[in-house]
Amino acid sequence: MKQISKALLISALLLTNISICIGAQTSDLPNIIWITFEDLSPEHLSVYGNELVKTPHIDQLAADGVLFTRAYTVAGVCAPSRSGIITGMHPVSIGTQHMRTRAIKARFMPQGIPMYDAVLPEEVKAFPEYLRRKGYYSSNNMKEDYQFKAPVTVWDESSPAASYRNRGPGQAFFSVYNFFITHESQLMHYPDSLHFLVKEVAQYIPKYYEDTPTVRKDIANLFTRVETLDEHVGELIEQLKQDGVYEDSYIFFFSDHGGNLPWTKREVLERGTHIPLIVKFPKSSNAGTVEEELVSSVDFAPTVLSLAGVELPEYLQGRPFLGANNNSPKRKYVYAARDRMDSEVDRVRSVRDTAYRYVYNYYTDRPKYQDLKYRKGIPMMKEILDRNKAGILQNPYLSDWFQTPRVKEELYHVTEDKDELQNLAAVSQYRDKLLELRQAFWEWTAHIGDLSSIPEIEMVSHYMWNGLDKAPETKPVQIIETEKGVLLWAPTKGTSIGYRIVKVGEKPRQELHRLNSWDMPLVFGYTKMGVKQEFSGSWNVYQGEYILLHKGDILEINAMRIGYTPFLTEYHLK
């Protein structure tokens, strides 16, 4: 019986091995670079019409590429949004919608909610794993924030030293560089000098704020951070040019969601989900053009896979807007969701077409405002709260942020009301548009599913943890010896298997990679450019191949279904 089981396992593994090409040359595949940054709306950049902020490097990237004017994220805050970007799935459909699944400390989680990694549906992967299966070198420098720990199969390296420079000769690459300087935290203190006089920013104060010296100074701070972002981006672009990879690469430039000021970040309105998006093509083809089609951030994953010639998994909820698979109808709508933010529970959904936005509020018994400790570090947030408590707010739109109850439905004509201040849901002449977007919302909800229909603790304990009080464990990988080599089989569905070989007589691999990053550790001064750090080597993505070992070799295995605890082991060939 044991031999029969082994034979069946080998047969099954061989069937999965038919389409695998291990070690294929990838020099004919396009290189793809992501320049990602934090908490920024398009109107803060000169290429989108801001005449005050000077961003020459970003301007040049736009001149070399395609400027997208209608790109949107699926959430107005980082972790849920980034989970949608890395999976190509709406967070509410995979359990990554709450901000966030892990706090710095357990006491910062809502009472009764454990810290957890979201357990994704068994078929869902972080998309760079598919690129690595194709032969790409994939690096991430450095923020992840996916609401789950990424398996070792996702990135060759994810660190402030991660770089395409560490790839093999002739190997195509997908490299991400994250820029932190525009993050919300950078509004909680002022730089040594502001690039703008406070009187200069007056025309850029949104209608939902009051014009005070504090508001002006915080906006001047934001604009200063944007110009610093441009300097940082210029440094990376110069590196890409010096390394000879700028000209022939696809370069995506985008924010993880909209703006960072109070009542912008975390919102599913225009100011929370509308993002800058520039794509530079190889040889700068299509340079200087503008694209007005609707794009959702869940489209980024299938688009990269399409450009790389990877067959698209059927489960993806996004659609490619570039590449060979860009043959489906263009989007009519984009969708976004807001759920728990830190300690504050909420449930809001929105639908956006090319002109209008529909908002559905599940909880009308609470205000639009969420009392979040974190953003009270922003001076203007403190001022707004003080003025509201004192009853001296003069702006009716800002006052509405704190009003209870709130309406069930909102409808805004965004092309005419960019700040989304005039709710048209009860206006008869917009009845048809209200009905259209309401129907689109409910059809989308039915299509993708919405895990916020159940309490978060129930979602975690029953849907993800199968009734247990902790995350399930990835079951041990079975190691099968054959005459051709070793085969691996994972009994836990959805498991990704990573492996490394330590050759007989060799020490475990240790490399020194040089830090080259513009992310949080560098911005906060925890480390600095050029410092070397140890790297133990990439994990191979197991695809059903025979693994050739020699006597005395050690096979290291790291296997994990996303959200489960990993299985780690070493196998010694005797």
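Into which domains is the protein chain divided? In this predicted model, the protein chain falls into domain 1 (31-328), domain 2 (338-464) and domain 3 (478-573). A UniProt record, an unreviewed entry, gives a feature of its own here: "domain: Sulfatase N-terminal" is placed at residues 30-310. Over residues 30-310, helix accounts for 26% of the chain and strand for 17%, and the C-alpha atoms at the two ends are 12 Å apart.

The meeting of domain 1 with domain 3 comes next. Their C-alpha centres lie 27 Å apart, and the contact draws 41 residues from domain 1 and 30 residues from domain 3. Between them, domain 1 and domain 3 bury about 2900 Å², with 60% of that area on carbon and sulfur atoms. Readers following the domain 1 side may like to look for Glu122, Val152 and Phe180, which lose the most area to domain 3. Together these residues make up 20% of what the domain 1 side buries.

A helix pair offers a closer view of packing. Helix α2 (residues 56-64) packs with helix α6 (residues 213-242) at an angle of about 55°, and their axes are 7 Å apart. Angles of 65 to 115 degrees would count as roughly perpendicular and those under 35 degrees as roughly parallel; α2 and α6 are therefore oblique to each other. On the α2 side, the contact is made by Pro56, His57, Ile58 and Leu61. Helix α6 contributes Leu229, Asp230, Glu231, Val233, Gly234 and Ile237. Sorted by character, the residues of this contact comprise six nonpolar, two polar and two charged.

Note on methods. Residues are numbered from 1 along each chain as its sequence is written. This is a predicted model: local features need pLDDT of at least 70, side-chain atom pairs count only at pLDDT 80 or more; totals for chains, interfaces and linings use all residues. Side-chain values use heavy atoms; hydrogens and water are left out. Axes are lines fitted to C-alpha atoms, for helices over the stretch in contact, and angles run from 0 to 180 degrees between N-to-C directions. Helices (H or I, at least four residues) and strands (E, at least two) are DSSP runs, numbered from the N terminus. Angles under 35 degrees count as roughly parallel, over 145 as roughly antiparallel, 65 to 115 as roughly perpendicular and the rest as oblique. Contact means heavy atoms within 4.5 Å. Ala, Val, Leu, Ile, Met, Phe, Trp, Tyr, Cys and Pro count as nonpolar, Asp, Glu, Lys and Arg as charged, and the others, Gly among them, as polar. UniProt positions are given in the numbering used here, feature names are shortened, and annotations may be inferred rather than shown by experiment. Domain bounds come from an automatic or database domain assignment. Buried area is the accessible area (1.4 Å probe) that two parts lose on being put together, summed over both.
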